[in-house]
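Reader: Could you take me through one part of this model in detail, keeping to a single pocket and the elements around it?

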Amino acid sequence: MLDRIVGSRRATEGNGHLAVEAGLITDATQLAAGRPTPWQTVQTARNIARPHALDIIGRVFEHFQELHGDRAFRDDPAIVGGIAELEGRPVIVVGQQKGSSTEENIVRNFGMPYPEGYRKAMRLYRLAQKFHLPVVTLVDTPGAYPGPEAEERGQAEAIASSIQLMTRLAVPIVVVVLGEGGSGGALALGVGDVVLALENATYSVISPEGCAAILWRSASEAERAAVAMKLAGPDLLETGVADALIREPAGGAHTDHEATAAAIKSALIPQLDRLSRVPVADLLSLRYERFRSFGMFVEPDGSTAPMPAQPWWRRILKNPLEKGGL
Amino acid sequence: MRLRNPFGRKTKEFPSHLWTQCPSCGEMLFNKQLERNHRVCQKCGHHFKLGALERIELLADPKSFSETDAAIVSSDPLGFVDSKPYPERIAAAQAKSGHKDAVLTGDAQISGVPVVLAVMDFEFMGGSMGSVVGEKLTRAAERAYADRKPLVIVSASGGARMQEGTIALMQLAKTVAAIARLDEAAIPFISVLTDPTTGGVLASFASLGDIVLAEPGALIGFSGARVTSETIGEKLPKGFQRSEFLLEHGFVDQVVPRTQLKERIAFFLNSFRIAGQDLRWSL
Ligand SMILES: [Zn+2]
Ligand SMILES: [Zn+2]
């Protein structure tokens, strides 16, 4: 079914779409020495000039038609989404939207969604499922908005429900972390079959400042917290939180939106091609196993579940590709 | 906190191993009697926090609880050190609470209905969810799925465990994925929210019950009240993020006093059928 919608053209072209050929970094050792420190990465990920969701959508996709509102409360400008085409094939794209100026940031609430933003995202995921369109999400948020109205409207329930829906959504989902992957508010858009991240993106359980305030009782220890929390690119690869990193232009994504978008586009196309050939039942069980396998603990017999050097699902992701499909 | 000394005596006449003062009404409560009343103030109904063992005793039929995955313990995925290394924090929490981590899981019966029961313990590092909690809850949900038994989770947690970094965040997706399969298979999941249930636990499985119950006066919210109040630069209204606030705003089905919790859960379990089978007759 999905083959009809996406990728069938590519499927006949053989297997010339290896992930590694698309400028992806799948192994921390591929990263250049002299990497920025985690704290520098945090600053880069937050750079106001960095390309945000609409900057990327406009360059990667064609004919983007934004769809508004959650059909219940209002339209949340901190989440944008709609239908677009990727090389002629329709997809649903949803992303958190930060502003590129103070004025725009006020409108966009600095990319911090309200519950209705997540409910809009869920409406679009259901639309994707109904019409067999693959989903691309763009993660870029300091976190879900922590204000009192957000609490009144069920911020936690909205995030939990969005995660639940994504774990069982019967279409391919590719997640791209553009900048900040801030906690549960990011994860609400972050459950997919493949999770990619820009080279200088971060993904964390809490902001380094928040972590420092709680554990060191001082927000000025954020730099130490950023190191300890392992939130930057190489750590995300090592833990398997990201399957691959997308190389940024030499000066960082903010120096060249065009080149950044081009790198994202060439990463997305082979992933959607590949995923579109996977039967839905396999897709869902692989997605389940992908998130099921996160965890570091020691079993009663003394055996550990150590951090795999190369998580098995990543091998699965690569091998079928090399053989020309699952 | 109001202090009230019922007999006008000095507080040293109420040694803490015998007496506890109610933070809500100030009454001095005799510990033994407080335990007998499942740690609810006899005078004002204030619900004290309840440990996991006491909670299991409250909900499970006598001797029906058999613990599973009891020996899973945390490793130190990130080599995390703040003022203390993470393994030292774990060891201290184990010594203090007597548990290996912040959740106990097992098979049990509630008023004769076989269930999979998971109970969190706030005493263990604030009930925070890291790999062990995530794994045990996921296994509990998977066992409920395999055995076609209802799942009951009692939450008490400050959220995800920072010391495990992004791996802790991924436990939200891991537990929710297991709950989502129960949902598809129409196997009942009852979520009980107790004081406190916040952050990543509320933003994952705890919000997703077919039935969501809360104990009176429990702190329940996504963001810490301090963060929320700093966000808007003003003090929050009284009762903000309490059980009754969530009931009013439509996010819990009922606020149930602890003394009625077991019979209420049993009522819901008895109302649901799994694949046309009445749970009452599946004994
Ligand atoms: Zn731009
Ligand atoms: Zn009282």
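Author: What follows looks at the second largest pocket and then at a helix that contributes to its lining.

This is a predicted model, in which local features need pLDDT of at least 70 and side-chain atom pairs count only at pLDDT 80 or more, while totals for chains, interfaces and linings use all residues. Residues are numbered from 1 along each chain as its sequence is written, chains are lettered from A and ligands numbered from 1 in the order in which they are written, and side-chain values use heavy atoms, with hydrogens and water left out.

A pocket here is defined on a 1 Å grid over the protein atoms alone, as an open set of points where a 1.4 Å probe fits, with protein on both sides within 12 Å along at least five of seven lines, and its lining residues have an atom within 4 Å of a point. Grid points are joined across faces, edges and corners, and a volume is the space filled by probe spheres set on the points. By that reckoning the second largest pocket holds about 740 Å³ of space. Its lining is made of 34 residues, and those nearest the centre are B:His46, B:His47, B:Phe48, B:Lys49 and B:Asp195.

In chemical terms the lining divides into 11 nonpolar, 10 polar and 13 charged residues, where Ala, Val, Leu, Ile, Met, Phe, Trp, Tyr, Cys and Pro count as nonpolar, Asp, Glu, Lys and Arg as charged, and the others, Gly among them, as polar. Domain 1 (17–48) and domain 2 (49–271) of chain B each give at least three residues to the lining, the bounds coming from an automatic or database domain assignment.

At least two lining residues come from each of α2 (52–59), α3 (86–97), β7 (151–157) and β8 (189–198) of chain B, with helices (H or I, at least four residues) and strands (E, at least two) taken as DSSP runs numbered from the N terminus. The largest share, 4 residues, is supplied by α2(B).

Within α2(B), the buried residues (under 20% relative accessible area, with exposed meaning over 50% and partly exposed in between, for a 1.4 Å probe and protein chains only) are B:Ala52, B:Arg55, B:Ile56, B:Leu58 and B:Leu59. They lie on the same side of α2(B), because they cover an arc of only 155 degrees around the axis, the arc being that of the directions from the helix axis to the C-beta atoms. On the face turned away from this buried side are the exposed residues B:Leu53 and B:Glu57. The cover over the buried residues of α2(B) includes β5 (103–110), β6 (113–120), β7, β8 and α9 (258–271) of chain B.

Notes
Contact means heavy atoms within 4.5 Å.
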